[in-house]
Amino acid sequence: MDFRLVSEFGPKGDQEQAIAKLVKSIKAGNRHQTLQGVTGSGKTFTMANIIEQIQKPTLIMSHNKTLAAQLYSEFKTFFPDNAVEYFVSYFDYYQPEAYIPRSDTYIEKDSSINEEIERLRLSTMGSLITRDDVIVVASVSCIYGLGNPEDYKDMMFGIHQGEEIGRDDFLTELVNLLFERNDIAFERGHFRVRGDVVEVRPAYLEETAIRIEFFGDEIDRITSIDTRSGHVIDEMTRYVFYPAKQFVSSKEKLKGAMVAIRQELDDRISWFEKNGKLIEAQRIRMRTEYDLEMMQEMGFCQGIENYSRHITGRKPGDRPYTLLDFFPDDYLLLADESHATLPQVRGMFEGDKSRKSVLVDHGFRLPSAMDNRPLRFDEYMKMTKRRLYVSATPGPFEIVNSRSDNPTFIPIKSRKDADFDPTFFKRLTVKASGSAEAPDDFDISRNGGQLIVEQIIRPTGLLDPVLTLRPLKAQIDEAIELCQQRVEKDERILITTLTKKTAEDLTEYLQGVDLKVRYIHSDVDAIERVEILRGLRAAEFDILVGINLLREGLDLPEVSLVCILDADKEGFLRNETSLIQTAGRAARHVNGECVLFCDTVTDSIQRLLDVTEFRRTVQREHNEKHGITPTSVKRAVQKSLHDRGVTSKIGQEMNASLVAEDEMVYNAVEVIREMEEEMQKASAKLEFEKAAHLRDQIKELKKRAGLEKDEPKSKGPAAYKFAKKMGKGK
């Protein structure tokens with residue numbers, strides 16, 4: 001099917017000119033183009049319109065799972081008739097294999113696989129092979145090794161009604177696809193047999209199985225059934241089964257791989273012995289021979305991905321097969337929050353290489369394990385031919401390449417390397433024309449055809465937040481006064497600090513002056529972060545203190561004030577990108593303001609002032625020209641589980657006064673067990689807010705049942721020391 005965008009709204013503000021320019025540039029064959037869209041300008045909607053007009057399979061990359069899940073949900077809504085897929089790391093927990101020579105410590109690989117995400121990954125691979133109308137929202141996981149797509153295609157197994165095939169031959173084909181027989185626990189990737197009826201549960205379907213009924217050696221009937229009720233969903237005349245695992249290979253290739261692995265093993269043992277490393281020689285012999293025995297008997301082994309070079313028939317040093325190989329040559333790449341996504345891609349290879357080099361040198365892995373790796377950045381660029389970088393703060397790589405005539409790319413690493421000009425965007429920006437067509441004077445060949453387009457007009461008419469500079473002295477007193485003013489108006493506040501300890505101490509101090517406040521940083525788990533943000537929006541508290549997490553991707557319409565403490569401490573947390581992103585958190589409120597506490601106007605602060613003033617001027621002129629009155633963004637807050645009756649069972653258990661203590665504890669344990677299962681299911685389905693609510697209810701239930709105690713909070717002189725350290729004047 002063609003890509004068809006479904007929305008009750010059309011492009012507004014300068015979305016039209018951005019869409020027109022970028023589509024024209026992409027169709028002209030340009031490899032680099034950048035959309036510099038301010039916070040709240042509808043960059044996601046612009047991306048959706050570009051996909052509809054380009055009509056090519058699309059990969060949307062994000063730098064973390066949470067933002068990827070948000071994008072996945074939005075694009076599922078925009079393209080309900082097309083295949084929108086989600087591809088991120090399927091590990092809930094992952095401890096990679098490693099060795100520490102100094103202490104002679106070997107750390108074995110340990111992981112916990114999220115079955116729901118694994119299903120979504122398999123669905124992604126199947127859709128890319130069988131459909132053209134595919135949008136994949138992915139994390140950096142897409143540059144890590146997968147099986148050969150040609151092997152995946154070759155192993156697909158199709159059947160049709162009336163086909164002559166014996167039941168046993170059909171079961172053999174399923175086993176070759178790595179399906180497992182289990183007549184009791186009918187889970188994904190399993191099949192069960194009942195006489196002449198075979199039921200198969202593909203790993204890529206959610207609650208659906210395929211029932212095949214045989215009449216002798218002929219397929220008599222094919223139906224899809226609900227795995228919970230067993231009811232027939234649909235009658236089918238044909239069906240195609242995909243492999244049940246992501247890493248698949250034919251028996252012939254596996255046999256050839258085992259020969260090559262044994263040859264490499266002999267060579268490696270000989271090298272170790274020649275260099276007097278007898279322990280390493282014995283270690284690699286035992287480990288590899290055990291893996292070969294497992295492959296011989298079972299068809300797989302633990303850590304089989306480390307032998308992927310031999311299994312896929314690649315030469316030493318060749319890049320691995322990845323999800324990008326499943327796309328056609330003319331696909332479109334959209335790098336969301338590119339200033340964070342591209343550096344993440346760039347850093348994956350070296351980190352993986354340093355860890356595996358130690359394993360290889362000490363006999364834990366064969367040298368071929370080094371070829372089970374993520375893509376190098378140059379390999380990644382060669383495999384992505386039409387790229388659109390999307391960010392409110394494009395990095396130097398995007399800036400230089402989008403204004404260069406270089407047909408491939410220039411590997412820029414810093415703004416100094418890029419010779420960054422802070423007035424560049426001012427000179428490059430063309431004001432919104434209000435037309436869906438690119439203006440006549442738009443020269444597609446300028447700068448070699450590469451393009452940077454600014455999208456600074458918000459559909460709501462909101463201007464960039466007002467910037468206010470205040471001195472560092474008494475910054476805490478000033479912040480408290482500003483917070484109190486906003487709380488009286490029922491508005492929310494974000495405060496950013498430089499360290500985790502400062503965030504925690506500041507939170508405790510503000511609580512001491514009767515402000516409702518919480519903190520958030522990297523030690524707070526992902527699900528709890530979502531719950532904290534929901535609580536801020538729902539007015540459960542008014543102030544959120546954080547460090548570097550109060551930046552990209554946070555959609556908090558109720559926030560009207562952002563306070564940046566120690567704004568003149570130039571560095572990673574106070575550079576231009578960080579300041580612009582943080583200030584943008586107040587851009588969805590009509591009273592948006594960002595207060596920077598500083599004694600010196602650093603280069604980063606000055607660039608923030610310049611860019612903000614320029615944008616506000618353009619936005620104000622646009623509003624006056626079109627008679628637009630700015631309005632705050634309105635978005636519903638998800639209800640708490642308290643309001644949905646989810647905790648009623650807890651109340652029944654815990655408030656039953658006639659229940660003996662031992663029985664009460666037992667009942668609580670049963671409820672906790674059920675709720676933990678529900679929490680895990682919610683997390684697997686990416687329903688992080690629901691999972692966070694359940695987690696909090698479990699914690700409360702444990703406390704009330706005496707199964708968990710509150711951790712004591714620090715009191716006393718800490719608040720005084722903190723106030724003195726942060727420049728409190730009184």
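Start with the negative patch: select E164, D169, E173, D217, E218 and D220, which gather on the surface of this predicted model as a patch of negative charge. Colour the secondary structure next. Helix α6, residues 167-176, supplies at least two residues of the patch, and strand β14, residues 218-226, likewise supplies at least two.

Stay with the patch and pick D169. This residue sits in helix α6. Is D169 fully exposed, partly exposed or buried? D169 counts as partly exposed because its relative accessible area is 49%, and the exposed class begins over 50%.

Now zoom out to the whole protein chain. Cartoon view shows 22 helices and 25 strands. The chain has 730 residues, and 52% of them are buried. A surface view covers about 34,000 Å² of accessible area, with 48% of that area belonging to carbon and sulfur atoms. For contacts with a separation of 6 or more, 74% join residues 24 or more positions apart.

Salt bridges are the next stop. How many are found in the whole structure? A search finds 34. Three pairs and one network are worth selecting in turn.

**R376 and E379.** Show both side chains: they meet in a salt bridge, with N to O at 3.3 Å. E379 is buried, as its relative accessible area is 8%, while R376 is partly exposed at 30%. The cut-off for buried is under 20%, so E379 at 8% falls within that class.

**R470 and E478.** Move along to this pair, where the side chains form a salt bridge with an N to O distance of 2.6 Å. R470 is partly exposed, with a relative accessibility of 25%. E478 is partly exposed too, at 22%.

**D568 and K569.** Select these two residues to see another salt bridge, 3.5 Å from N to O. Which side of the pair is buried and which is partly exposed? D568 is buried, with a relative accessible area of 15%. K569 is partly exposed, with a relative accessibility of 38%.

**The network.** Finish by selecting E97, R287, D291 and R365 together. Salt bridges link these four residues into a network. Display the side chains as sticks, since the salt bridges here are defined by side-chain nitrogens of Lys or Arg and carboxyl oxygens of Asp or Glu.

Definitions and conventions
Residues numbered from 1 in each chain as written. Predicted model: local features only at pLDDT ≥ 70, side-chain atom pairs only at ≥ 80, totals over all residues. Heavy atoms only, no water. Helix = DSSP H or I, 4+ residues; strand = E, 2+ residues; numbered from the N terminus. Buried < 20%, exposed > 50% of the residue type's maximum accessible area, 1.4 Å probe, protein only. Contact = heavy atoms within 4.5 Å. Areas by Shrake-Rupley, 256 points an atom, 1.4 Å probe, with all protein chains shown as cover. Patch = residues over 30% accessible without salt bridge, like charges linked within 9 Å, V, L, I, M, F, W, Y side chains within 5 Å. Lys, Arg positive; Asp, Glu negative; His and termini not counted. Charge placed at Lys NZ, Arg CZ, Asp CG, Glu CD.
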